[in-house]
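Colleague: Hi! Could you take me through one part of this model in some detail? I would like to look closely at its open spaces and what surrounds them.

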Amino acid sequence: FTSAAALAILAYFYLLRPQTPAMPLIVAEGALLGLLALLSVGAVLFILVSLAALLFARESAPWKNRLRGQMIFLLSALLILTTLVGVSQLRAHTPAITGPEGAPLPNSIASLERVRLGGVDQWLIIRGEDVNKPVLLFLSGGPGASEAGRVLRFNQELEKHFVVVIWEQRGCGKSYPSLNPREDLTVEQYAKDIVELSELLRARFDEDKIYLVGHSWGTIPSVRAVQARPDLFHAYVGSAQMVDVLETDHLIYDMVMERSRQSGDSQFVQTLEKQGRPPYTGKNPIVSYATLFGREYQLFEVPNIKNRDYLQNGDVLFMMLKQPEYGWLDRIYFLLGMLNTFNVVYPQLQDMDYRLDATHFEVPVYLMLGRHDMNNPPVIPQEYFDLLEAPRKELIYFEESGHGMIWEEADLFHQILIEKVLPETYQP
């Protein structure tokens, strides 16, 4: 039975899966994995009970036979589960960039690659219609999250004009195993990773400099990397630029508290009063932060999302489930990174204020803010922009967007990069 099941899984992944729309199959895979996991847990519990009974039973032979059967069942379930997960990892890929006839475009690149950065393995998704185009390195928000799915879904236009490199940062997504050593999960090390990766990309694609684009958390190490090695970058683009994390979180807390009181949500007012104003500490600070940020998103972000496609399909968890770049182990890594990496990194950000020590740049700087962004209220990034010294600087407001402006108004984001940033800063 186990051998037949393993063969069926292999046939499914290599024959059926490529011919069927992804989402129904993803749901089926998840259901099967969940069933196998439940069966395995049930078998383990039964074995433990059987072992305990063996200690007190006079006639142990029947128990031994039953235990042997359960062991076979357990090992079979585990083997099937391991096969399914293992094959899904082997099948992970980023689809080729194709022309009208379905063949890969000449000189294009669509690659899922593992690289060594800072002494640990990390992953890249590299896509572009022409390998000779300028290189754009994208850093997701977080910490501990990956927004690769959003970039792949909403920013495909950039692949026509750049070689787009999406970095799965240490401790998140496919790079989750690089969580260890945890003492290296610092802003300084992330910045060093950016520098090392930028040098690698510069040599790989024979470019003197690259573009660096960060979103939310991704802007924090990006600023440090650009200041440390301005010679590596044509320009820096910060979307939802973070400046002072603690002050930002205080603004969010006050806004959510006031709205909750106005709406008569006394239960949530009590919740906020109990957990108090940030910062939150302890073993799992993400629980309190998720309570606060989740309600902020519900109250202030969702009502202002005008892009229906983004509203319906832009959830990072939903997109992660559909990404062919992820196997099922990667999907588990994704969830673990959102929990564990956040808990390590976010408490380190409470003393930062880029208005005090990060106002001088030697490269052009473009900051993008969502007018309705209450996850990072624009007042603080606006103050930061006013203090900036750079060869060229520009602040662009996305009037119809919140925190996800580069996906909510993707066309505007593309227009700015292609028609403004490139002509103003690119030097082949």
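Which helix supplies the largest share of the lining of the largest pocket, and how many residues does that helix give?

Modeller: Happy to! Please keep in mind that this is a predicted model. The helix you are after is α9, which contributes 8 residues to the lining of the largest pocket. That pocket has a volume of about 1,100 Å³, and 41 residues line it. Nearest its centre lie Gly 142, Phe 293, Val 316, Met 338 and Asn 375. Helix α9 covers residues 285–301. At least two lining residues each also come from α7 (245–262), α10 (308–313), α11 (316–322) and α12 (328–345). By class, the lining of the largest pocket holds 24 nonpolar, 10 polar and 7 charged residues.

Now to the second largest pocket, with about 340 Å³ of space. Its lining is made up of 16 residues, and Leu 152, Arg 153, Gln 156, Pro 324 and Glu 325 are the closest to its centre. Helix α11, already met in the largest pocket, supplies at least two residues here as well, as does α4 (148–154). The biggest contribution to the second largest pocket is from α4, with 3 residues. Charged residues number 7 in this lining, alongside 5 nonpolar and 4 polar ones.

Helices α7 and α9 come up again around α8, where they are among the elements that cover its buried residues. Helix α8 runs over residues 266–275, and its buried residues are Phe 268, Val 269 and Leu 272. Viewed down the helix axis, these buried residues fit within an arc of 105°, so they line one face of α8. Gln 267, Gln 270 and Lys 274 are exposed on the other side of α8. Just past the end of α8, Gly 276 adopts a positive phi of about 75°.

Finally, a word on enclosed space. Rolling a probe the size of a water molecule over the atoms shows where empty space is left. The model has 3 cavities of 30 Å³ or more, and the second largest cavity holds about 40 Å³ of space. Lining that cavity are Leu 136, Phe 138, Val 151, Asn 155, Leu 158, Val 164 and Phe 413. Sorted by class, they give 6 nonpolar residues, 1 polar residue and no charged ones.

Methods. Residues are numbered from 1 along each chain as its sequence is written. This is a predicted model: local features need pLDDT of at least 70, side-chain atom pairs count only at pLDDT 80 or more; totals for chains, interfaces and linings use all residues. Side-chain values use heavy atoms; hydrogens and water are left out. On a 1 Å grid over the protein atoms alone, a cavity is a set of points where a 1.4 Å probe fits but cannot get out, and a pocket is an open set with protein on both sides within 12 Å along at least five of seven lines; lining residues have an atom within 4 Å of a point. Grid points are joined across faces, edges and corners, and a volume is the space filled by probe spheres set on the points. Helices (H or I, at least four residues) and strands (E, at least two) are DSSP runs, numbered from the N terminus. Ala, Val, Leu, Ile, Met, Phe, Trp, Tyr, Cys and Pro count as nonpolar, Asp, Glu, Lys and Arg as charged, and the others, Gly among them, as polar. Buried means under 20% relative accessible area, exposed over 50%, partly exposed in between (1.4 Å probe, protein chains only). The arc is that of the directions from the helix axis to the C-beta atoms. Contact means heavy atoms within 4.5 Å.
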